[in-house]
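This briefing is meant to be read beside the sequence and the 3D structure. It begins with a point of backbone geometry and then turns to domains and annotated sites.

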Amino acid sequence: MAAPGENLKIDAARLWDSLMEMAKIGPGIAGGNNRQTLTDDDARGRALFQSWCEAAGMTMGVDEMGTMFARREGTDADALPVYVGSHLDTQPTGGKYDGVLGVLGGLEIVRSLNDLGIRTRHPIVVTNWTNEEGTRYAPAMLASGVFAGVHAQDWAYDRVDADGKRFGDELERIGWKGDEKVGARKMHAFFELHIEQGPILEAEDRQIGVVTHGQGLWWLQVTLTGKESHTGSTPMDMRVNAGLGMARITELVHTVAMENQPGAVGAIGQANVYPNSRNVIPGKAVFTIDIRSPEQAKLDAMKARLETEVPKIAADLGLGIEIEPVGHFDPVTFDPGCVAAVRAAAERLGYSHMDIISGAGHDACWINRVAPTAMVMCPCVDGLSHNEAEEISPEWATAGANVLFHAVVETAEIVE
């Protein structure tokens, strides 16, 4: 297939304006966004995205998980579409670019093709996956997981948030439960543009990350049960302190990750103690262990060790314990052909680039199971993400979107 000419570029100003316009929906309190999945702000963001897609001449499909698929027709009615996209939902204290750059970068591809009067043989479909973040409803990448056959749809519908609201009920409430069967679509390929969410590209002074692999992950939710009692009047040797158990397990997680260097990370990111009062020893602690590695053997070994040693810590302190896996995916190797298209695009456009392993989970990690898939990454300032201070430069956004543009259009095949 013919490669696009190096003068083929997106409209950088229009992409940036779109990012800033979407950021007005669900503003955070410190310059970022709080547009959590299946909230009213999520619905408003979806409506804006739909209006932009329809203005660009695309038709919108929505599946039963609420995932949005905006289609630009190709010249060959029988050719499978090239899909491109990411997610519009954010963390409670999220940034303006995580996920959103990938969705609006996909939209910008279509807008630019329209401007240039270019047709492709394969249709191009811009996608907004539901509940990528997994903060309100665990696990992350929920809709893409159902699409790829990893999760059952009924199981996904029954996920509940901290207020006990069901995913399926909230999807219907905001009006974005579609009628299309999940996973029925067949893909020629899938590409996802994303900010790195780490410091490597900026530190190496590279404009583009060519993502070859993704780390595997386990989320283990731990519930420790002790005894609530007064912090001042309960003797130290008579306490059953769930908070102390969580502290010791936090230290263990760090130790296990450090002993598996290089190529392993671990932490406790979500944690709650009850009753969470200044003068009450916690009688209950609920928290999630997050361990990751691009190496299957290391990931398996870390999980096995934690499942052995965490209960011992609880037993030593007289605590009851439950451990429940609430998120998992194996390490990912992205499609060599799609990865090569990304690398060739960066070289053709003259951008500095390097191969990189994704430290975070993305919808592409699940879609890789059902279609040839690759990712493009651009730097973010200080590697900061999942934070309202998350920032990228317009130049980084433009470089990432241009590489995405070339990789997608080459795969979709320009019609001369």
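Proline 275 sits in the loop that links β10 to β11 (280-281), and the peptide bond that leads into this proline from tyrosine 274 is cis, with omega near 5°. The model under discussion is a predicted one, and the points below are grouped by topic.

**Backbone geometry**

- A second cis peptide bond to describe here runs from glutamine 261 to proline 262, where omega is near -10°.
- Proline 262 belongs to the loop between α8 (242-258) and β10 (265-274), while proline 275 lies in the loop that follows, between β10 and β11.
- Aspartate 205, a residue other than glycine, has a positive phi, near 55°, and its place is in the loop between α7 (200-203) and β7 (208-214).
- These features deserve a note because most residues other than glycine have a negative phi, and most peptide bonds are trans.

**Domain organisation**

- The protein chain is divided into domain 1, made up of 12-215 and 331-412, and domain 2, which covers 216-329.
- Taken over C-alpha atoms, the centres of domain 1 and domain 2 are separated by 32 Å.
- At the interface, 13 residues of domain 1 are in contact with 14 residues of domain 2.
- About 1,000 Å² is buried between domain 1 and domain 2, and carbon and sulfur atoms give 66% of that area.
- On the side of domain 1, Gln215, Pro331 and Trp366 supply 55% of the area buried against domain 2, which is more than any other three residues supply.

**Chemistry of the interface**

- How many salt bridges does the rule find across the interface of domain 1 and domain 2? The rule finds zero salt bridges there, whereas for polar contact it finds one residue pair, with both residues at pLDDT 80 or more.
- The residues of domain 1 that touch domain 2 comprise eight nonpolar, four polar and one charged.

**Sites annotated in UniProt**

- The unreviewed UniProt entry lists His87, Asp98 and His194 under "binding site". These residues span 108 residues in sequence, yet no two of their C-alpha atoms are more than 9.8 Å apart, so they gather at one spot.
- Under "binding site" the unreviewed UniProt entry also lists Asp98, Glu133 and His386. Although this set is spread over 289 residues of sequence, its members cluster in space, with a largest C-alpha distance of 9.6 Å.
- Histidine 87 is found in the loop between β3 (82-86) and α3 (100-116), and aspartate 98 is likewise placed in the loop between β3 and α3.

**Annotated dimerisation region**

- For residues 215-314, the unreviewed UniProt entry gives the annotation "domain: Peptidase M20 dimerisation".
- Over residues 215-314 the chain is 36% helix and 34% strand, and the C-alpha atoms at the two ends are 29 Å apart.

Note on methods:
Residues numbered from 1 in each chain as written. Predicted model: local features only at pLDDT ≥ 70, side-chain atom pairs only at ≥ 80, totals over all residues. Heavy atoms only, no water. Domains from an automatic or database assignment. Contact = heavy atoms within 4.5 Å. Buried area = accessible area lost by both parts, 1.4 Å probe. Salt bridge = Lys/Arg side-chain N within 4 Å of Asp/Glu carboxyl O. Polar contact = N/O pair within 3.5 Å; in protein donor to acceptor, adjacent residues only side chain to side chain. Nonpolar A, V, L, I, M, F, W, Y, C, P; charged D, E, K, R; others polar. UniProt positions renumbered as here; feature names shortened; annotations may be inferred. Helix = DSSP H or I, 4+ residues; strand = E, 2+ residues; numbered from the N terminus.
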